[in-house]
Amino acid sequence: MTQSSGRSGQPVLPALLGLGQRGLGQRAGGPHQTERYRDRRRRTLPAGVLRLPTIGIDIGGTKVVAGVVSGEGVIVEQLRADTPDKSKSPKVVEDVIVELVLELADRHDVHAVGIGAAGWVDSDRSRVLFAPHLNWRDEPLREALSDRLKFPVVVENDANAAAWAEWRFGAGRGEDLVVMITLGTGIGGAVVRQGYVDRGRYGLAGEFGHMQVVPGGHRCPCGNRGCWEQYSSGNALVREARELAAAESPVAQPLLARVGGEVSAITGPLVTEAARAGDPMAVELLHDIGSWLGIGLANLAAALDPGRFVIGGGVSAAGDLLLAPAQETFRRTLTGRGFRPEAQIVPAALGNEAGLIGAADLARAVARRFRTVKRSRAER
């Protein structure tokens, strides 16, 4: 007989395992228990649960990606669909998620669903408080999807999910305190500390992109000025390149030639491609972005003292063109430089699939064994 999570979507297995309602990736005790939680996952979950396949969902501004993920972090099958226009109701996006999950569940014996959402998720991992690309405001996503799917559901911020995946299976393995920075349109971030995702008191930790680094600087969509992501992100890279091109600067001519003189056609990947080909201006722009990255990392090191920074997101595809100046500036601006250990700065290992893998793995704590039956199709 299929076990259901009920209308509330609250998991049963974590309670049985002594995890409480917060589940995997959340510390249950105080600071004196940190040693106990170093390998918390394997001490808490039975081997059978660790092997259960689960589904991870990565919701972005343009696409929804769903994948069945094994207990080893391997994607067995993956599907994707376009994200409906953000002016539509949240239910339209939920319909897409349900369709993808049910299609995968028809072919795989899955046991839970993890949702990685680009937005603010509450501390209970049930509601999306704010998702600018989806027009969601205080959306009870876990309850809505649990009721329709009859699976246990976990909702997580996408950067938190990606950081968890890198800590479990990627570039963060073996390190007790990992800070992940995702460089895309803006800057996302997350902290994995002693085997749990540090979500903060209200679930909103990791918004490093909105640290103010230049008082009175560039206006940020968040409403403030001088946020870090205005100087070290895909948007910052494109803004600087287009401003030089629009001013008809001689140094921008090779880049303009690549786009037939259309300033609006200049993109971040195009700048990276030009830099790899040796375009001096493109190299300089990535150096500037990397230097600002290093400054922000030095600030985070002063506050958090991590052992490793993992750098992901689309802009990180520039590799050493970005990371070399970041490391140089980090060492030059680090508080106590020369008298303290330095955190490693490494590229992410799992690429764009990190959020999906992490969401699925975090859901594994609330997975429970279902009998192999065809699940009834949910109402759409």
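The exercises below, each with a worked solution, concern a predicted model of one chain.

**Exercise 1. Overall composition**

State how many helices and strands the chain has, what share of its residues is buried, and what share of its contacts is made by residues far apart in sequence.

Solution. Begin with the secondary structure: the chain holds 12 helices and 13 strands. Next take burial: of its 380 residues, 53% are buried. Last come the contacts: among those with a separation of 6 or more, 66% are made by residues 24 or more positions apart.

**Exercise 2. Helix H10 and its two ends**

Compare the expected span of helix H10 with the distance between its end C-alpha atoms, then describe what is found at its start and just after it.

Solution. Step one is the length. H10 covers residues 280-304, which is 25 residues. The expected span is 1.5 Å times one less than the number of residues, so H10 should span 36 Å. Its end C-alpha atoms lie 35 Å apart, which agrees.

Step two is the start. Asp279 sits in the loop between helix H9 (268-276) and H10. One of its side-chain oxygens comes within 3.0 Å of the backbone nitrogen of Met281.

Step three is the charge of Asp279. This residue is buried and has no salt bridge. The nearest side chain of opposite charge belongs to Arg258, at 5.1 Å; the cut-off for a salt bridge is 4 Å. Apart from neighbours within four places in sequence, Asp279 contacts Pro254, Leu255 and Ala274.

Step four is the other end. Just after H10, Asp305 has a positive phi of about 50°.

**Exercise 3. Helix H4 and what covers it**

Check the length of helix H4, list its buried residues, and name elements that cover them.

Solution. H4 runs over residues 90-107; at 1.5 Å a residue, its 18 residues should span 26 Å. The end C-alpha atoms are 27 Å apart, so the two values agree.

The buried residues in H4 are Val93, Glu94, Val96, Ile97, Val98, Leu100, Val101, Leu102, Leu104 and Ala105. Their cover includes the strands E1 (54-59), E2 (63-69), E3 (75-82), E4 (113-117) and E7 (136-139). Helix H5 (141-149) is also part of that cover.

**Exercise 4. Positive phi in two loops**

For Arg125 and Gln194, give the phi value, the loop and the state of burial.

Solution. The background is that most residues other than glycine have a negative phi.

Arg125 has a phi near 55°, although the residue is not a glycine. Its loop joins strand E5 (120-121) to strand E6 (128-131). Its relative accessibility is 6%, so Arg125 counts as buried.

Gln194 likewise is not a glycine and has a positive phi of about 50°. It is found between strand E10 (187-193) and strand E11 (196-197). With a relative accessible area of 15%, Gln194 is buried, because the cut-off is under 20%.

**Exercise 5. A three-stranded sheet**

Work out the strand order, the sense of pairing and the edges of the sheet that contains E5.

Solution. The sheet is open, has 3 strands in the order E5-E6-E7, and pairs in the antiparallel sense. E5 and E7 each pair on one side only and are the edge strands. Between E5 and E6 there are 2 bridges. Across this pairing, Trp120 faces Phe130 in E6.

**Exercise 6. Arg308 and Gln344**

Describe the surroundings of Arg308 and explain why it has no salt bridge; then describe its link to Gln344.

Solution. First, Arg308 lies in strand E12 (residues 308-312) and is buried. The nearest side chain of opposite charge is Glu175, 4.1 Å away. A salt bridge requires a distance within 4 Å, so none is counted for Arg308.

Second, consider its polar partners. A polar atom of the Arg308 side chain lies 3.1 Å from the backbone oxygen of Arg173. The side chains of Arg308 and Gln344 are joined by a polar contact of 2.7 Å.

Third, turn to Gln344, which lies in strand E13 (residues 344-347). With a relative accessibility of 40%, Gln344 counts as partly exposed. Setting aside neighbours within four places in sequence, its contacts are Gly307, Arg308 and Phe309. Its C-alpha atom is 8.6 Å from that of Pro306, a residue 38 positions away along the chain.

Methods: Residues numbered from 1 in each chain as written. Predicted model: local features only at pLDDT ≥ 70, side-chain atom pairs only at ≥ 80, totals over all residues. Heavy atoms only, no water. Helix = DSSP H or I, 4+ residues; strand = E, 2+ residues; numbered from the N terminus. Polar contact = N/O pair within 3.5 Å; in protein donor to acceptor, adjacent residues only side chain to side chain. Buried < 20%, exposed > 50% of the residue type's maximum accessible area, 1.4 Å probe, protein only. Contact = heavy atoms within 4.5 Å. Lys, Arg positive; Asp, Glu negative; His and termini not counted. Pairing = 2+ DSSP bridges.
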